[in-house]
Protein chains: 2
Amino acid sequence: MSQAKEITIYDIADKLKVSPATVSRGLKDHPAISKSTKRKVIDMAKEMGYRSNNFASSLRLNKTNTIGVIVPKLNSSFLSDVIAGIEKILNDGGYNLIISQSLESEKKEIANAETMFNSRVDGLLVSLAYDTQSLSHFEPFFQKNIPVIFFDRVVEHEKCSSIVIDNFKAAYDITTHLIDNKCNNIVHVTGNLSRNVYSERFRGFKQALSDRNISFIPENIIVNNLSLEAGKDAALKILSMSNCPDGVFVANDYCAASCIVELKKHGIKIPHDIAFAGFNNDPISSLIEPNLTNIDYKGFEMGEMAAKTLIGHLSQTQDIKDTQTIVMRHELIIRESSVRNTI
Amino acid sequence: MSQAKEITIYDIADKLKVSPATVSRGLKDHPAISKSTKRKVIDMAKEMGYRSNNFASSLRLNKTNTIGVIVPKLNSSFLSDVIAGIEKILNDGGYNLIISQSLESEKKEIANAETMFNSRVDGLLVSLAYDTQSLSHFEPFFQKNIPVIFFDRVVEHEKCSSIVIDNFKAAYDITTHLIDNKCNNIVHVTGNLSRNVYSERFRGFKQALSDRNISFIPENIIVNNLSLEAGKDAALKILSMSNCPDGVFVANDYCAASCIVELKKHGIKIPHDIAFAGFNNDPISSLIEPNLTNIDYKGFEMGEMAAKTLIGHLSQTQDIKDTQTIVMRHELIIRESSVRNTI
DNA sequence: GTGAAAGCGCTAACAT
DNA sequence: ATGTTAGCGCTTTCAC
């Protein structure tokens with residue numbers, strides 16, 4: 001099993017009777033190199049099956065061309081789209097990608113960040129875990145001026161740019177839509193309110209009520225981890241309420257679906273008895289009966305934007321002083337779960 | 001912004017008045033090194049905030065400690081579990097992970113494999129894309145004796161080990177279950193029959209029919225890409241059949257769910273008119289109404305097994321002559337979609 | 001426009 | 001048990 005020896009720039013140099021330096025320059029787009037030698041170098045490299053040794057290059061340049069991505073979970077249509085978007089931009093930019101999932105646990109997120117740091121990624125793209133409190137695991141990156149970009153689940157930080165949607169407005173719109181469909185007593189099921197996406201949606205929810213002169217009832221907020229079980233529990237809680245709600249806005253589609261299923265089991269008619277809205281436009285929305293009204297936003301584009309922003313930070317040598325928050329489009333998708341045709 | 005200089009083994013050596021070699025050995029578990037110096041080295045490394053430079057090490061050792069994973073898609077509960085299992089084992093083994101999704105396209109899978117190859121991964125874990133025909137994009141790995149392990153969507157190859165479940169038996173069992181529930185005319189909706197998982201399930205399906213003396217009707221096989229739209233299309237096709245089936249076995253849960261939804265829209269009662277079974281036990285199975293009978297198998301364990309097998313190949317210096325096929329457990333989960341209580 | 005040479009940080013063969 | 005040394009493949013400064 002003689003594994004064909006790996007070709008180096010020295011091999012190419014020998015064949016071409018030039019110096020390794022010339023080969024190195026020829027392979028890049030070095031200005032001071034003649035068109036003809038560049039051609040020869042590139043052709044010979046291809047012919048000999050040369051592939052550049054990233055480690056040597058990384059060692060020499062002290063940069064790895066590798067970007068780390070930390071997401072709460074992988075089995076999400078939205079995040080999978082985000083990653084596809086990130087992959088597209090970074091591949092085109094010649095970067096490698098390391099992906100890891102925090103599984104919604106701060107502890108695992110910390111471990112992931114540490115691994116990324118030790119792998120010496122050039123930059124980091126992060127959507128925070130459900131229960132992440134502190135940002136101290138990103139301190140090493142800040143100290144080394146390694147850019148960290150947050151997307152979707154973000155946090156304000158002077159050193160970090162963020163890519164988000166307008167969660168406030170989205171929730172405001174969807175709540176208003178429920179009110180327009182004759183909901184006067186709306187329950188809001190949401191996640192950890194110290195996470196921006198949930199706190200903003202909560203704000204939007206309250207504002208919409210207030211603008212329509214509906215008083216906000218603290219008991220109508222159910223905070224849980226938005227899992228399937230949590231959806232079921234929320235349903236039971238709703239059933240036990242003395243003043244049964246006529247609308248429910250859940251901050252996550254899966255949880256909404258599981259909540260709907262449970263309520264239906266108990267004879268609740270949706271949307272007749274209770275109108276429903278979710279968030280994220282996961283495929284489940286069009287499978288659950290009735291189909292789920294919710295907010296759609298494009299993961300792929302968010303991923304592209306995050307990656308582009310990161311590359312922007314990376315290519316300018318200066319400090320990342322120009323941190324920014326980029327707000328992407330979202331759209332209200334109205335489906336049967338919230339439409340009451342009381343003519 | 002003075003980025004604290006990176007600590008190297010030379011810095012530690014200087015501080016400790018020993019040689020860099022000693023530090024290097026101290027950091028590993030080199031046998032010929034005194035307990036006390038080892039202690040001192042490790043303590044000093046921690047104190048100075050040393051982190052090993054993988055590139056230097058990779059360059060020197062000509063191995064990267066990085067494993068590549070290529071999966072058809074990330075937004076799958078099953079595959080996300082697999083990846084979590086892989087991650088656990090590889091992290092513990094000190095390996096890094098590069099994950100990429102082929103998005104069910106051979107073309108992208110080829111690109112992914114190339115990226116992995118150029119990143120010089122030490123090994124590769126692959127679940128094949130829907131339409132992958134050739135294995136030629138893995139040739140470079142075979143030639144360099146870089147182990148490639150397939151899982152779930154596998155292919156026979158003398159150089160590759162595989163981790164699978166017994167798809168034949170699983171399909172056999174689930175089909176028999178449908179027959180036991182008074183299905184005599186079963187449609188099988190499946191994917192590309194050159195993919196092992198689908199061909200084996202098809203075999204099991206046919207065998208079960210045959211063993212129960214039910215004749216197999218070629219028209220009852222619907223081959224599609226198992227997407228949501230495909231599920232809908234399959235439903236329409238089923239509705240148009242002259243001899244309406246009384247059972248449907250779909251090789252994928254999402255597709256099954258979408259098919260069920262469409263049939264219900266057309267007034268079909270499930271399981272009364274048509275009993276249903278899916279495959280994979282995705283969370284959707286317990287959200288769809290009625291809940292979906294199917295085959296459960298543990299992604300996390302499959303991932304662990306794949307990673308362990310890979311590490312096994314990696315740690316033995318010899319050739320990978322001992323390729324193997326590992327078959328994991330599966331379980332039939334019976335839910336409402338297939339149970340007919342005709343007393 | 002091209003070449004010579006040093007050095008990125010680590011490891012291992014070979015000394016001692 | 002520890003030190004010396006060379007070299008992994010690449011880039012780049014400084015020559016010419």
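## Two chains and a DNA strand

The surface near DNA strand D is made of 12 nonpolar, nine polar and four charged residues. Keep in mind that this is a predicted model. In total, 25 residues surround DNA strand D, and the closest are A:Thr8, A:Ala21, A:Ala56, B:Ala21 and B:Thr22. Two or more residues apiece come from helix H2 (20–27) and H4 of chain A, along with helix H2 (20–27) and helix H4 (54–61) of chain B. H4(A) gives the most to this surface near DNA strand D, with five residues.

Now for how the chains meet each other. Here 40 residues of chain A are in contact with 40 residues of chain B. On the side of chain A that touches chain B, at least two residues each come from helix H4 (54–61), helix H5 (77–92), strand S2 (96–101) and helix H11 (253–265). S2(A) gives the most there, with six residues.

Here are the two surfaces by residue class:

| Surface | Nonpolar | Polar | Charged |
|---|---|---|---|
| Near DNA strand D | 12 residues | nine residues | four residues |
| Side of chain A that touches chain B | 19 residues | 15 residues | six residues |

How do the two chains relate? Rotate chain A by 180 degrees with 0.0 Å of shift along the axis, and chain A superposes on chain B with an RMSD of 0.1 Å. That is the relation of a two-fold axis. The same surface serves both copies, since 100% of the contact residues of chain A recur in chain B. If you want to find the rotation axis, look for A:Asn75: of the residues of chain A, its C-alpha comes closest to the axis, at 2.1 Å.

Technical notes
Residues numbered from 1 in each chain as written. Chains lettered and ligands numbered in written order. Predicted model: local features only at pLDDT ≥ 70, side-chain atom pairs only at ≥ 80, totals over all residues. Contact = placed C-beta atoms within 7 Å. Helix = DSSP H or I, 4+ residues; strand = E, 2+ residues; numbered from the N terminus. Nonpolar A, V, L, I, M, F, W, Y, C, P; charged D, E, K, R; others polar. Near = placed C-beta within 6 Å. Least-squares fit on C-alpha atoms with pLDDT ≥ 70 in both.
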